[in-house]
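The exercises below are meant to be worked with the sequence and the coordinates side by side. Each one sets a task and then gives a solution in steps.

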Amino acid sequence: MKFLGIDFSCALGALSNGQFPEKDCLLPLISTLLGYAIVAASTTVKLPQILKILENGSIRGLSILSFELELVGYTIALAYCLHGGLPFSAYGELAFLLIQALILVAIMYYYSQPVTTKRWMMALMYCGLAPTILAGRIDPVLFEALYASQHAIFLFAKIPQIWQNFSNKSTGELSFLTNFMNFGGSMVRVFTSIQEQAPKSVLLGSVLGVATNSILLSQILIYQKPKSRAEKEKKKE
């Protein structure tokens, strides 16, 4: 029995015989279901961050460089997975994360006026190169090199934000919910990468995601300040 490309026959067969599904039957099913769950959740993972910026009309405490590098990382990762033959459940969230990352960077540019010439040049360069990379129209050796570098890109994307939080002893407008979902998604993706026998580089990226997102979550919890009575009354009004 298949539903949305997911084979339930093994698990249902065992259950119908009054037996609990065996490990070799159950783990692949769980991995596939979790993979699609991540894809579904990824459609809104950055929404809390976007709404928080729009609500407060500020990007206080946010590192634009971190979000720009994250956008580049999503582009490279999605392009590699698209042309690497992996099942959609193993990378589908990257498509939704890329779209939300584009929206987020655009909003950050809006609230950081005036945007510098250097930043505009970087944006134009991205718009010129991204379609070529996503279409896979580059040398295979270069493609592999880009994908290998995207783990470093994701790592360095988190470092400016982590350092800014540490320097300011505040996380500003950083969304706890978005970072919590990022952390949870990375944890699940470690499991699915192992189960789907994804390349080691894919697994490494997920492990790095767990590490960096856990640091950001810790900073949000440590540096958060309780709202003053005046702020609470103002919010009620």
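**Exercise 1.** Does N182 count as buried or exposed, and at what relative accessibility?

*Solution.* Keep in mind throughout that this is a predicted model. The residue to find is N182, which sits in helix α8. Its relative accessibility is 12%, and because buried means under 20% relative accessible area, N182 counts as buried. As a last step, look at the partners of N182: leaving aside neighbours within four places in sequence, N182 is in contact with V45, K46, K158 and N213.

**Exercise 2.** Describe the overall fold by its secondary structure elements, its burial and the sequence separation of its contacts.

*Solution.* Begin with the elements, which are 10 helices and two strands. Their order along the sequence is β-β-α-α-α-α-α-α-α-α-α-α, so the two strands precede the helices in the pattern. Turn next to burial: of the 237 residues of the protein, 41% count as buried. Finally, take the contacts with a separation of 6 or more, and 80% of them are accounted for by residues 24 or more positions apart.

**Exercise 3.** Characterise the surroundings of E70, and then place E70 relative to the largest cavity.

*Solution.* First, locate E70 in helix α4, where E70 counts as buried at 7% relative accessibility. Second, examine its side chain, which makes a polar contact with the side chain of K46 at 3.0 Å. Third, widen the view to contacts beyond four places in sequence, and E70 is found to touch K46, F154, A157 and K158. K46 and K158 also appear among the contacts of N182.

The search for enclosed space comes next. Rolling a probe the size of a water molecule over the atoms shows where empty space is left. Over the whole structure, two cavities of 30 Å³ or more are found, and the largest cavity holds about 140 Å³ of space. Of the 14 residues that line the largest cavity, F67, E70, K158, L174 and N179 lie nearest its centre, which places E70 in that group. Helices α4, α7 and α8 each supply at least two residues of this lining, whose composition is five nonpolar, six polar and three charged residues.

**Exercise 4.** Which helices contribute to the lining of the second largest pocket, and which of them supplies the largest share?

*Solution.* Start from the volume, which is about 690 Å³ for the second largest pocket. This pocket is lined by 33 residues, and those closest to its centre are Y74, E93, L94, L97 and S186. Then assign the lining to elements: α2 (23–42), α4 (64–82), α5 (93–110), α7 (140–168), α8 (176–195) and α9 (200–223) each give at least two residues. The largest share, seven residues, comes from α9. Sorted by character, the lining of the second largest pocket consists of 17 nonpolar, 12 polar and four charged residues.

**Exercise 5.** How far apart are T43 and L97 in sequence and in space?

*Solution.* Place T43 first: it lies in the loop between α2 and α3 (47–56), where T43 is partly exposed with a relative accessible area of 37%. The separation from L97 is 54 residues in sequence, while the C-alpha to C-alpha distance is 7.1 Å. The contacts of T43 beyond four places in sequence are with F96 and Q100. Within its own part of the chain, the side chain of T43 reaches the backbone oxygen of A40 at 2.6 Å.

**Exercise 6.** What are the geometries of the aromatic pairs Y109–W120 and Y110–Y111?

*Solution.* A pair of aromatic rings is described by the distance of the centres and the angle of the planes. The whole structure yields six aromatic pairs. In the pair of Y109 and W120, the ring centres are 6.2 Å apart and the planes stand at 70 degrees, so the pair is edge-to-face. This pair joins distant parts of the chain, since Y109 belongs to helix α5 and W120 to helix α6 (residues 117–134), 11 residues apart. Y109 counts as buried at 10% relative accessibility, whereas W120 is partly exposed at 47%.

For Y110 and Y111, the centres are 5.0 Å apart and the planes at 85 degrees, so this pair is edge-to-face as well. Here Y110 counts as exposed at 57% relative accessibility, and Y111 is partly exposed at 29%.

Terms used. Residues are numbered from 1 along each chain as its sequence is written. Side-chain values use heavy atoms; hydrogens and water are left out. On a 1 Å grid over the protein atoms alone, a cavity is a set of points where a 1.4 Å probe fits but cannot get out, and a pocket is an open set with protein on both sides within 12 Å along at least five of seven lines; lining residues have an atom within 4 Å of a point. Grid points are joined across faces, edges and corners, and a volume is the space filled by probe spheres set on the points. Helices (H or I, at least four residues) and strands (E, at least two) are DSSP runs, numbered from the N terminus. Ala, Val, Leu, Ile, Met, Phe, Trp, Tyr, Cys and Pro count as nonpolar, Asp, Glu, Lys and Arg as charged, and the others, Gly among them, as polar. Buried means under 20% relative accessible area, exposed over 50%, partly exposed in between (1.4 Å probe, protein chains only). A polar contact is a pair of N or O atoms within 3.5 Å; within protein, one must be able to donate a hydrogen and the other to accept it, and residues adjacent in sequence count only if both atoms are side-chain atoms. Contact means heavy atoms within 4.5 Å. Rings of Phe, Tyr and Trp (its six-membered ring) pair if their centres lie within 6.5 Å; planes under 30 degrees apart count as stacked, over 60 as edge-to-face and the rest as tilted.
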